[in-house]
Structures are given as C-alpha cells and as structure tokens.
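Me: I am new to this structure and would be grateful for a guided reading of it. Please set out the reasoning before each answer.

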Amino acid sequence: MRHLQSSIFLLVLLTISVNAQDLYRRSNDTIVRRQVTTDAVALAPVISTCTKPGSFAITFDDGPTETTDILLNYLKANNYEATFFVNGLNYRCIYDQADVIKRIVNEGHQLCSHTWSHADLVKLSDDQIRLEMTKLEDAFRKIVGKVPRYMRPPYGSYDTRVRGILASLGYEMITWDIDSGDAIGYTINKSKAVYRTSIRKEPFPTPHLALNHDVEPSTSTVLAPFAYKYVIRKGYSPQTVGSCLEDGNWYKEEVEPSPRDSSWVC
Ligand SMILES: [Zn+2]
C-alpha cells in the first residue's frame with residue numbers, strides 16, 4: 001500500500017514537472033515557471049485532530065435544519081462553542097435556514113463548508129468539485145458575508161486530486177479523531193461509550209476533535225449535552241476547531257451580506 005502510494009505520488013510529481021517544463025519552454029519568464037511549479041504541487045492539508053493541549057473541538061455536520069436551532073439554544077444557555085460543517089442542499093435548503101446560519105456566526109461558533117450537496121468529491125469531475133464549493137460560498141457570502149477557510153469532505157472521502165482542487169480554492173480540510181457514530185445508527189448509549197473509550201485511551205491533555213451530526217434529533221437534544229458535560233468533567237476545554245488549532249483566521253473572505261432576493265433558492 002505504501003509502495004503504491006509512493007508510486008502514485010512520484011507519478012504525480014513527474015506529471016507536474018513535465019507540465020511545468022512545457023510551460024517554461026513557452027515562456028522566458030522564470031518567475032512564471034517557479035509560480036506554476038509551486039501552485040501545481042499544493043495540496044490542501046488534512047487535519048484530523050486539535051493541536052492545543054487540553055482542547056476538545058465538538059463538531060456538527062450536515063445541517064442546517066430545525067434541530068440545529070435546538071442545539072444552538074443549548075450552547076447559548078451554557079456558553080459553549082461549537083463548529084458547524086454545513087451543506088447548501090442536504091436535509092434542507094440553506095436559504096430556507098438562513099436564520100440558523102446567521103445564529104451560528106452571531107453566537108460565536110465557527111462556520112465551515114461541508115460542500116453544497118453532500119457529494120462524495122472523489123466521484124466528481126474537477127469542475128463539479130469546484131461547483132460544490134463555490135455554490136455554497138455564494139450562499140455564505142449572501143447570508144452572512146463570510147466564506148470559510150475550513151471544509152470537511154463528506155464521508156471523509158478525498159484523494160490527491162480533491163486535495164489539489166481544494167488547495168487552489170484556499171481550503172484546509174478537517175476530518176476527526178473521534179466519530180460518535182450518530183450518523184450510522186449508533187444508539188445514544190453506544191455513542192456515549194465512544195466518547196468514554198476514546199478519552200480513556202488518550203486522556204487529558206491529549207486534544208481531540210469529535211464528529212457528530214446536528215441533523216440527528218437525538219444528537220442535538222441528548223448526545224451533545226452529554227458530550228460537553230463529559231469532556232469538561234475529564235478536564236477538557238470545549239472550543240471551536242479554529243481555537244483548538246490556535247488559528248483565529250476562520251474565513252478567507254469577509255464581505256457585506258446581502259438582503260434576501262429571488263436568487264435565494266436552491
Ligand atoms: Zn456529512
């Protein structure tokens with residue numbers, strides 16, 4: 001497997017260097033050549049856990065829906081921070097849930113991209129991948145005036161090509177080191193056990209980054225409250241992904257949001 005990965009990597013490098021040389025032959029400008037080479041090898045980083053000791057990022061995917069509001073009420077009442085990886089059109093159309101997106105940002109949580117339609121990016125063409133990202137960027141721009149720097153690939157599915165395209169769009173990728181299993185049919189008790197076992201295996205202050213889904217009603221009402229109380233009891237400080245990576249730069253673009261108009265449709 002490692003051999004195969006090395007071979008593929010080498011092949012990609014060779015292809016890139018051939019392309020770069022072609023470009024160089026077509027241009028006498030060495031600065032252009034250097035730039036092309038650098039851009040061509042850029043891959044979006046894949047981050048699977050937090051770096052700050054004692055930090056614990058609890059993240060929620062696949063919203064927004066009405067249950068996201070229930071979770072936001074809980075977080076606000078307890079002054080807790082979360083990170084939301086949202087879709088444009090998954091359980092709901094993002095434009096019909098614009099108030100939820102605004103709440104996420106206004107109440108201090110981190111907003112991240114989870115692609116427009118929750119697509120498996122590996123199965124899409126380059127253009128389709130770009131569209132999955134930019135269509136959601138448009139919605140973010142209109143609704144809250146902020147375009148996230150962080151994204152999570154649906155199903156945790158990515159390859160070198162996907163990473164290259166995401167890098168060219170300015171994204172960093174966030175996966176997880178704890179999966180509560182709430183999206184794959186785990187009972188609440190089984191999901192709670194995942195938290196307990198993971199922390200027992202790598203206790204405080206080893207940082208963690210946990211995957212949950214606010215679209216699951218039992219996650220927003222039962223599992224999330226358990227997770228926050230539990231990690232705090234174990235010594236952790238729950239915080240956003242940006243904060244646990246010591247990165248305050250959550251958004252790659254900030255503009256004035258626009259009022260609702262006829263383009264706010266999915
Ligand atoms: Zn998802």
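The questions below begin with the model as a whole and then turn to its strands, helices, loops and core.

Me: How many helices and strands does the protein chain have?

Reply: This is a predicted model. Of the 266 residues in the protein chain, 39% are buried. The secondary structure comes to nine helices and 11 strands.

Me: Over which residues does pLDDT stay under 50?
Reply: The protein chain averages a pLDDT of 89, and 85% of the residues score at least 70. One stretch stays under 50, and for this stretch the model has 13 contacts beyond four places in sequence. The stretch under 50 is residues 8-39.

Me: What share of the contacts with a separation of 6 or more joins residues 24 or more positions apart?
Reply: An example of distant positions brought together is given by Pro 217 and Glu 66, which are 151 residues apart in sequence and 9.2 Å apart in space, C-alpha to C-alpha. For the protein chain, counting contacts with a separation of 6 or more, the share from residues 24 or more positions apart is 77%.

Me: Which residue in E3 stands opposite Asp 61?
Reply: Strands E2 and E3 run parallel and are joined by three bridges. Together with H3, these two strands make a right-handed β-α-β unit. Opposite Asp 61 in E3 stands Phe 85.

Me: Which helix does the chain pass through on the way from E3 to E4?
Reply: Four bridges join E3 (residues 83-86) to E4, and the two strands run parallel. Among the partners, Thr 83 is bridged to Gln 110, and Val 86 is bridged to Ser 113. The β-α-β crossover from E3 to E4 is right-handed, and its helix, residues 98-106, is H4.

Me: Are the two faces of E3 and E4 covered or open?
Reply: In a regular strand the side chains alternate between the two faces of the sheet. In E3, Thr 83 and Phe 85 on one side and Phe 84 and Val 86 on the other are all buried. In E4, Gln 110 and Cys 112 are buried on one side, and Leu 111 and Ser 113 on the other. Both faces of E3 and both faces of E4 are therefore, by the cut-off of 20 or more other C-beta atoms within 10 Å for a buried residue, covered.

Me: Within what arc do the buried residues of H3 fall?
Reply: An α-helix has 3.6 residues a turn, so residues three or four places apart point the same way. In H3, Thr 67, Thr 68, Leu 71, Leu 72 and Leu 75 are buried. Seen down the axis of H3, these residues line one face of the helix, because they fall within an arc of 145°.

Me: Against which elements do the buried residues of H3 pack?
Reply: Helix H3 covers residues 66-78, and just after H3, Asn 79 takes a positive phi of about 60°. The partners of the buried residues of H3 include a helix at 217-233. The elements they pack against are E2, H4 and H8.

Me: Is Thr 115 buried or exposed?
Reply: Thr 115 lies in the loop between strand E4 (110-113) and H5. Its phi is near 80°, a positive value in a residue other than glycine. Because Thr 115 has 25 C-beta neighbours inside 10 Å, it counts as buried.

Me: How does His 118 count, and what is the number of its C-beta neighbours inside 10 Å?
Reply: His 118 is also placed in the loop between E4 and H5. Its phi is near 60°, again a positive value in a residue other than glycine. His 118 counts as partly exposed because the number of its C-beta neighbours inside 10 Å is 16.

Me: Where is Pro 205, which is joined to Phe 204 by a cis peptide bond?
Reply: The bond between Phe 204 and Pro 205 is cis, with omega about 10°. Another cis peptide bond runs from Gly 63 to Pro 64, with omega near 5°, and Pro 64 is found in the loop between E2 and H3. Pro 205 is found in the loop between H7 (188-201) and E9 (208-213).

Me: Which helix gives the most to the largest nonpolar core?
Reply: The largest nonpolar core has 57 residues, and those with the most contacts inside it include Phe 84, Met 173 and Ala 227. The helix that gives the most to this core, with six residues, spans residues 126-143 and is H5.

Conventions: Residues numbered from 1 in each chain as written. Core = buried A, V, L, I, M, F, W, Y, C linked by C-beta atoms within 7 Å. Buried ≥ 20, exposed ≤ 12 C-beta atoms within 10 Å, placed from the backbone. pLDDT = per-residue confidence, 0-100. Contact = placed C-beta atoms within 7 Å. Pairing = 2+ DSSP bridges. Right-handed = clockwise from strand over helix to strand, strands pointing away. Arc of directions from axis to C-beta.
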